[in-house]
Amino acid sequence: MKTGVAIVGAGPSGLLLGQLLHNAGIPNVIIERQTPDYVLSRIRAGVLEQGMVDLLREAGVAERMDREGQVHEGVELALSGRRIRVDLKALTGGDTVMVYGQTEVTRDLMAAREAGGATSFYDVPDVELHGLKGEKPWVSFTLNGETVRLDCDHIAGCDGFHGVSRKSIPTHALSEFERVYPFGWLGLLADTPPVADELIYASHDRGFALCSMRSPTRSRYYVQVGLEEKLEDWSDERFWDELKSRIPEDVAARLITGPSLEKSIAPLRSFVVEPMQYGHLFLVGDAAHIVPPTGAKGLNLAASDVSTLYRILLKVYREGRTDLLERYSPICLRRVWKAERFSWWMTSLLHRFPDTDAFGLRIQQSEQDYFTSTPAGLTTIAENYVGLPYEPIE
């Protein structure tokens with residue numbers, strides 16, 4: 001079996017890359033070790049940057065997003081009794097964010113790929129990557145009990161932090177950078193109307209909280225918890241009570257509670273691997289970097305990787321510009337590190353760290369005050385939140 005680009009992983013980044021390549025006439029095959037239902041069962045992000053929204057429209061998969069998604073022109077910060085609305089649209093010259101669940105993005109991309117007749121293999125174990133530094137790479141996997149060999153020109157590793165792609169690169173060829181945070185997020189999903197029209201990020205003496213949403217009838221809420229916390233100790237009632245204690249009183253008074261559809265505790269970490277390319281293998285999204293969810297950058301960073309790789313491959317196949325291939329990692333990493341910085345900064349700005357002393361607390365409060373009381377500070381928040389521009393491929 002032969003193709004142009006072998007895409008390992010059928011999450012949103014792999015599917016989006018596949019859709020863009022397919023529309024451009026560049027053959028590609030997607031290989032996914034899980035079933036489609038499993039992929040769709042993952043509860044993930046829901047805030048899309050302007051750049052990702054534009055990319056989904058370019059891929060021709062934005063019809064339902066534009067119909068059902070919620071455009072947000074601002075975001076609110078609740079900082080120890082102060083309320084600040086960051087006017088994203090005004091501060092960035094017109095950019096906004098779109099609230100549309102990652103599950104729905106994945107569902108739309110799956111439907112588009114099936115309708116276009118592009119090849120995808122799901123539920124295939126034993127995926128291995130070969131010849132990454134050779135003349136031509138290839139991928140092997142098991143399909144219906146038989147070993148299949150897929151020859152290709154390039155491999156896109158879109159299979160996440162625990163996938164086979166990054167593990168296929170010799171450890172001596174990579175540098176890893178990591179920061180593990182001393183807390184996690186306890187998240188609850190409920191079929192209740194959101195408590196506000198825009199997201200609320202709250203910093204409180206008891207810890208961070210976030211009021212988010214997936215749709216006009218489905219809400220997503222988070223509270224900061226210690227790493228020692230156990231999910232079974234958090235009843236729905238305890239969660240709602242803790243959330244109410246951390247958000248502004250008037251917001252808590254209008255909060256509509258309900259039974260949880262899903263509840264989980266996610267640890268927070270920052271992680272980057274350099275370079276994001278090894279021979280014919282290009283790492284995309286979580287295979288190369290992880291951010292704490294505070295800045296809503298995880299899925300959006302994957303989209304910017306996809307955009308970079310797609311535009312490079314477009315010039316490779318149409319113009320023979322193979323010289324561009326080695327620029328993938330440097331271009332991606334410039335934007336990755338800026339997003340890592342913003343996510344780290346937002347996390348540091350809004351959370352309570354267990355080892356923070358009185359001096360550190362005053363510095364945090366001063367940081368909050370400066371960035372929310374000056375035009376320059378608010379613009380910095382807005383520009384990063386809606387997403388920094390994609391670097392052009394020339």
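## A tour from the surface to Leu21

Show the molecular surface to begin: the chain exposes about 17000 Å² of accessible area, and carbon and sulfur atoms hold 50% of that. Keep in mind as you look around that this is a predicted model.

Now switch to the C-alpha trace. Along the principal axes, these atoms fill a box of roughly 60 × 40 × 40 Å. The radius of gyration is 21 Å, which agrees with the value near 21 Å that a compact globule of 394 residues would have.

Next, turn on the cartoon, where you can find 13 helices and 20 strands. If you draw contacts between residues at a separation of 6 or more, 71% of them join residues 24 or more positions apart. Colouring by burial is a good follow-up: buried residues make up 56% of the 394 in the chain.

For the charges, select the 42 positive and 54 negative side chains. How far apart do the centres of the two sets lie? The answer is 2 Å.

Last stop: select Leu21, which you will find in helix H1, spanning residues 12-23. Is Leu21 buried or exposed? Its relative accessibility is 0%, so Leu21 counts as buried.

To see what surrounds Leu21, leave out residues up to four places away in sequence; the residues it touches are then Val5, Ile7, Ile26, Asn28, Tyr310 and Leu313. Finish by drawing a C-alpha to C-alpha distance from Leu21 to Tyr310: the two are 6.8 Å apart in space, although 289 residues separate them in sequence.

Note on methods
Residues are numbered from 1 along each chain as its sequence is written. This is a predicted model: local features need pLDDT of at least 70, side-chain atom pairs count only at pLDDT 80 or more; totals for chains, interfaces and linings use all residues. Side-chain values use heavy atoms; hydrogens and water are left out. Helices (H or I, at least four residues) and strands (E, at least two) are DSSP runs, numbered from the N terminus. The radius of gyration is taken over C-alpha atoms; the globule rule is 2.2 Å times the number of residues to the power 0.38. Buried means under 20% relative accessible area, exposed over 50%, partly exposed in between (1.4 Å probe, protein chains only). Contact means heavy atoms within 4.5 Å. Accessible areas come from the Shrake-Rupley method with a 1.4 Å probe; for residues, only the protein chains shown count as cover. Lys and Arg count as positive and Asp and Glu as negative; His and the chain ends are not counted. The place of a charge is taken as NZ of Lys, CZ of Arg, CG of Asp or CD of Glu.
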